[in-house]
Amino acid sequence: MVEPRARDLWVGLFLLIGCGAIAFLSVSVGGSTYRGPRGLELFVTFDQVGGLKPRAPVVIGGVKVGQVKSIGLDEELRARVGIDVDGNLRLSTDTSASILTAGVLGDQYIELTPGGEEATLGPGDEIEFKQDAFVLERLIGRLVQSLGNEDGKGKEEEE
Amino acid sequence: MTAAAHVARLGGRGIAFVNELGRLAAFAAQVAAALATPPPRVRRCLDEIHDVGVLSLSVIGVSGLAVGMVLGLQGYNTLVRFGAEESLGTVVGLSLIRELGPVLSALLVTGRAASAAAAEIASMVVTEQLDGLRMMSIDPVHYVIAPKVLAFVISMPLLSSLFTVLGLAGGYLVGVLFLGVDGGGYVSSVQGSIDVYEDVVPSLVKSLIFGLLVAMIAAFRGFHAEPHSAGVAAATTSTVVVASVTTLIVDYFLTALMGV
């Protein structure tokens, strides 16, 4: 038998460790992925966002500077993506945003490429230069279609 | 025996099963009433948390680590064929937090603590200790059963979370240190795929419900054990069997209900 005092200590430790595990799962693992500075909210309107998800990273030259906050449709039914990036960044107004894929089947993220203008983007501004997501299925579809056309041409020529 | 007799026997079993369910529900109501009745048995409950939680720690810890390591190994071997070993964290993290954490810790606690609880209550029935309590006008449900049930409900989410955390560590150990997956990639794919409201909260709700079910089954089987030594054995065995099967079946419905 464990002494009553020692037992209480163990129970207390157990409760602490258990609550610590819950807190770790909730805050550190389940919380937002980007924990750097933020505060500058920008918007980009894409024709195609592919598999981009909220909380996907936003990078400049491979360095994480923020994350995707919201993905929705605007009045013209185009995909409007809100991103939250480091408020200390001085991004020029001709900054461009592109949706890229990490690896062939990897997760998608947004890369910002700063431009050369003097004026900088403020909170709530729209990034005008952008490049849509690369959708593998479409490319394959187009490839198959063009191959099919070539076959058809070949047969016609033979006839 | 004629066919009619077989049908009648089946019917009799069905009626016995429904009777049992009804008695379990009545027992649950009794426990709930006891929990609401003052005085709260804090000291008894802490002692029970020691038996259920603290004594299960080593089992939960070692199993969690082992399960995480196996997931890391299996996940890596499958993912590497598609060149997607960066997603190892997603595979390990989601399987652990959504299913394996709550379910396996419930099964382990069933084997480690619920069987002991059922045997303890059943032998109290056999040795007429519960009748002794009644003689002193102490309600045995209030003094013995309710603190045990509460201890299971409190301990289960904590044990399940510990299991999950250690499983994640086990996956990291095998994936990153042994197999050479990028450490940052593992951590960020775990963080990127697990959400507080979609994964962590349903996982805790699951283990709360499992804790309640396992505790109720153990207490019910022990409390209604036949008053002889074979009755203790029967109560212990049926607790482990019924609680394990119930956990797995209820898990399906909880998953379907919560959509995780």
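This is a short talk on a predicted model with two chains, A and B.

I will start with how far chain A can be trusted. Its mean pLDDT is 78, and 84% of its residues reach 70 or more. Within chain A, confidence is highest in strand β4, residues 79-86, at a mean of 86. The lowest value belongs to helix α2, residues 136-158, where the mean is 71. As a general caution, where pLDDT is low, the predicted coordinates should not be read in detail.

Next, the layout of chain A. It is divided into domain 1, residues 1-31, and domain 2, residues 39-140. The C-alpha centres of these two domains of chain A lie 42 Å apart.

Now the sheet. Chain A has an open sheet of eight strands, with mixed pairing, and the order across it is β7-β1-β4-β3-β2-β6-β5-β8. Which strands stand at the edges? They are β7 (126-127) and β8 (129-131) of chain A. Each has a single partner strand, so one side of each is left without a neighbour in the sheet.

Take the β7 edge. Strand β1 of chain A, residues 39-46, pairs with β7(A) in the parallel sense, over two bridges. If you want to find this pairing in the structure, look for Phe43(A), whose bridge partner in β7(A) is Glu126(A).

At the other edge, β8(A) pairs with β5(A), again in the parallel sense, over three bridges. Here Ser96(A) stands opposite Phe129(A) of β8(A). On to the next pair: β5 (residues 96-101) and β6 (residues 108-113) of chain A run antiparallel and are joined by six bridges. One place to see this is Thr101(A), which stands opposite Gln108(A) in β6(A). In general, strands of a sheet pair through backbone hydrogen bonds, either parallel or antiparallel.

Chain B is built from helices. It has nine helices and zero strands. Its C-alpha trace spans about 65 × 55 × 30 Å along the principal axes. Of the 260 residues in chain B, 46% are buried. Among contacts in chain B between residues at least 6 apart in sequence, 87% join residues at least 24 apart.

Helix α1 of chain B, residues 3-36, allows a simple check. At 1.5 Å a residue, its 34 residues should span 50 Å, and its end C-alpha atoms are 50 Å apart, which agrees. How many of the 34 residues of α1(B) are buried? The count is two, so hardly any of this helix is covered.

One residue gives a closer look at chain B. Glu120(B) is found in helix α4, residues 88-126 of chain B. Is Glu120(B) buried, exposed or partly exposed? There are 17 other C-beta atoms within 10 Å, so Glu120(B) is partly exposed; buried would take 20 or more. Along the chain, Glu120(B) and Ala219(B) are 99 residues apart, yet their C-alpha atoms are separated by 9.5 Å.

Last, where the chains meet. In this model, 27 residues of chain B are in contact with 23 residues of chain A. On the side of chain B that touches chain A, at least two residues each come from α2 (42-52), α6 (140-178), α7 (183-193) and α8 (196-223) of chain B. The largest share, seven residues, is supplied by α6(B). By class, this side of chain B has 16 nonpolar, eight polar and three charged residues.

That is the end of the talk.

Terms used
Residues numbered from 1 in each chain as written. Chains lettered and ligands numbered in written order. Predicted model: local features only at pLDDT ≥ 70, side-chain atom pairs only at ≥ 80, totals over all residues. Pairing = 2+ DSSP bridges. Helix = DSSP H or I, 4+ residues; strand = E, 2+ residues; numbered from the N terminus. Contact = placed C-beta atoms within 7 Å. Nonpolar A, V, L, I, M, F, W, Y, C, P; charged D, E, K, R; others polar. Buried ≥ 20, exposed ≤ 12 C-beta atoms within 10 Å, placed from the backbone. Domains from an automatic or database assignment. pLDDT = per-residue confidence, 0-100. Expected span 1.5 Å × (residues − 1).
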